[in-house]
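Open the model in your viewer and keep the selection box to hand. This tour goes from one selection to the next.

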Amino acid sequence: MSNEQKAIKATYFSIIGNTSLALIKGAAGFFGNSYALIADAIESTTDIFASFLVLFGIKYSSKPADDNHPYGHGRAEPLITFLVVGFLITSATVIGYESITNIQTPHELPKSWTLYVLGAIILWKEYSFRLVMKRSKETNSSSLKADAWHHRSDAITSVAAFIGISTALFLGKGYEAADDWAALFAALFIIYNSYLIFRPALGEIMDEHLYDDLVEEIREVSHQVEGIIDTEKCFIRKAGMKYHVDLHARVNGDITVKEGHDLSHLLKDTLREKIPELGHVLIHIEPD
C-alpha cells in the first residue's frame, strides 16, 4: 500500500468515526443536560468537514508533476492544514462563547449516565489519535497529522467534560456550571493545539529548515556511494509527503565531465532508492 493510500484510508476512518461520535455526543448532551457534551458534538461536527478537507488535500497533493507544477502539487497539503486549523479555531470560539453564556444562565445538573458515554468516547478518541498519528508519521503527511490532533483535542475536551460533569454531580446544586467551565477550558486547549498544528505547516510553506535527521541520513547514504568523497551543502524542502533535496557532493577533481555526470546520477538514484520519501534530488558536483 502506497503512502497516499494509507493516508486516504486513515482519513476515511476519521470521517466515519467523527460522524458517528457527533451524533452520539449531540444526543447524549441534549437528553443528558450537558453542554460540555454538546460542545464536544460541535467539535466533532467541524472535525467531519476538516477530515473531508484533509481527504481532498491528500488526493490533490498526490497528483503527479505537470508542466505548470514541475515539483508536483504537494504544497496543497499545508494549505489544507491551514484551513483545518481555521475549523479548529472556529469550533473553539463557538464552544467558548456558548460556555460563557451558559455559565451565566441557571440550568439543571447533567445526567449521571453521560459519564459512561464520555468514558467510551475518551477511549475511542485516544485510539483514533494514535492510529492516525502513526499513519501521519509513516506517510510524512502534515494534514494527516493535523487530523490526528483533531482526535487528541476531541479526547481532551471529553476528559474536561468528564471532570466537569463529575464535579457538578458530586458537589450538587449550585455547581451546575462546572460542566460549562470544563467546556470553556476545552476551548482554550483547542486553540493551543491549533498553534501546534499551524506552526510546522507554516515552516513547510516557508521552506524552513526542520530536517536535521534527514540531512544526516542523506550524508550517510552519500558516503556509501563509490566516488563520492564528501558532501557539503544540503538543503531540504518538504512538499506534501515528499522531500526535495539540493545536495553538493565532492568528487575527485581530475575525473571527466561525463564521469562526474554519471556519478551524480548514481548518487541521485541511490538516495531515492535508500530513502523512498525523497522527491526531486538535485546533485551539484564540487571538485575535491
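How many residues does H5 have, and how far does H5 reach from its first C-alpha to its last? Select H5, residues 142–171. H5 has 30 residues and reaches 43 Å, close to the 44 Å expected at 1.5 Å a residue. Keep in mind that this is a predicted model.

**Stop 1: the end of H5**

Select Gly172. This glycine sits just after H5 and takes a positive phi of about 80°.

**Stop 2: H4 against H5**

Add H4, residues 114–139. The axes of H4 and H5 come within 8 Å. They cross at roughly 160°. Angles over 145 degrees count as roughly antiparallel, and H4 and H5 are therefore roughly antiparallel to each other. The crossing is left-handed. Now colour the contact of H4 with H5 by residue class. You will find 16 nonpolar residues, eight polar and seven charged.

**Stop 3: H3 against H5**

Hide H4 and show H3, residues 76–103. How far apart are the axes of H3 and H5? They are 8 Å apart, and the two helices pack at an angle of about 20°. That makes H3 roughly parallel to H5. The crossing of H3 and H5 is right-handed.

**Stop 4: H1 against H5**

Swap H3 for H1, residues 3–31. The axes of H1 and H5 are 10 Å apart, at an angle of about 25°. H1 is therefore roughly parallel to H5. Is this crossing left-handed or right-handed? H1 passes H5 in a left-handed crossing.

**Stop 5: the annotated membrane spans**

Next, bring in the record. An unreviewed UniProt entry annotates "transmembrane region" at residues 12–31, 37–58, 79–97, 113–133, 154–175 and 181–198. Select two of these spans in turn.

- Residues 37–58: the chain is 100% helix and 0% strand, with the end C-alpha atoms 31 Å apart.
- Residues 79–97: this span is 100% helix and 0% strand, and its end C-alpha atoms lie 27 Å apart.

**Stop 6: the annotated cytoplasmic domain**

Select residues 211–287. The unreviewed UniProt entry labels this range "domain: Cation efflux protein cytoplasmic". How much of the range is helix, and how much is strand? The chain here is 39% helix and 39% strand. The end C-alpha atoms are 26 Å apart.

**Stop 7: the sheet**

Show the strands as a cartoon. Three strands form an open sheet in the order E1-E2-E3, with mixed pairing. Which strands are at the edges? They are E1 and E3 (278–287), and each pairs on one side only. Neighbouring strands of the sheet are turned by 15° against each other on average, direction ignored. Strands of a sheet pair through backbone hydrogen bonds, either parallel or antiparallel.

**Stop 8: the E1–E2 hairpin**

Zoom in on E1 (residues 230–239) and E2 (residues 242–251). These strands run antiparallel, and eight bridges join them. Pick out two bridge pairs. Asp230 has Arg250 in E2 as its partner. Lys238 is partnered by Tyr243, also in E2. Finish at the turn. The hairpin has two residues between its strands. Select Gly240, which takes a positive phi near 70° in this hairpin.

Note on methods: Residues are numbered from 1 along each chain as its sequence is written. This is a predicted model: local features need pLDDT of at least 70, side-chain atom pairs count only at pLDDT 80 or more; totals for chains, interfaces and linings use all residues. Side-chain values use heavy atoms; hydrogens and water are left out. UniProt positions are given in the numbering used here, feature names are shortened, and annotations may be inferred rather than shown by experiment. Helices (H or I, at least four residues) and strands (E, at least two) are DSSP runs, numbered from the N terminus. Axes are lines fitted to C-alpha atoms, for helices over the stretch in contact, and angles run from 0 to 180 degrees between N-to-C directions. Angles under 35 degrees count as roughly parallel, over 145 as roughly antiparallel, 65 to 115 as roughly perpendicular and the rest as oblique. A crossing is left-handed if the near helix is turned anticlockwise from the far one by less than a right angle, and right-handed if clockwise. Ala, Val, Leu, Ile, Met, Phe, Trp, Tyr, Cys and Pro count as nonpolar, Asp, Glu, Lys and Arg as charged, and the others, Gly among them, as polar. The expected span of a helix is 1.5 Å times one less than its number of residues. Two strands pair if DSSP finds at least two bridges between them.
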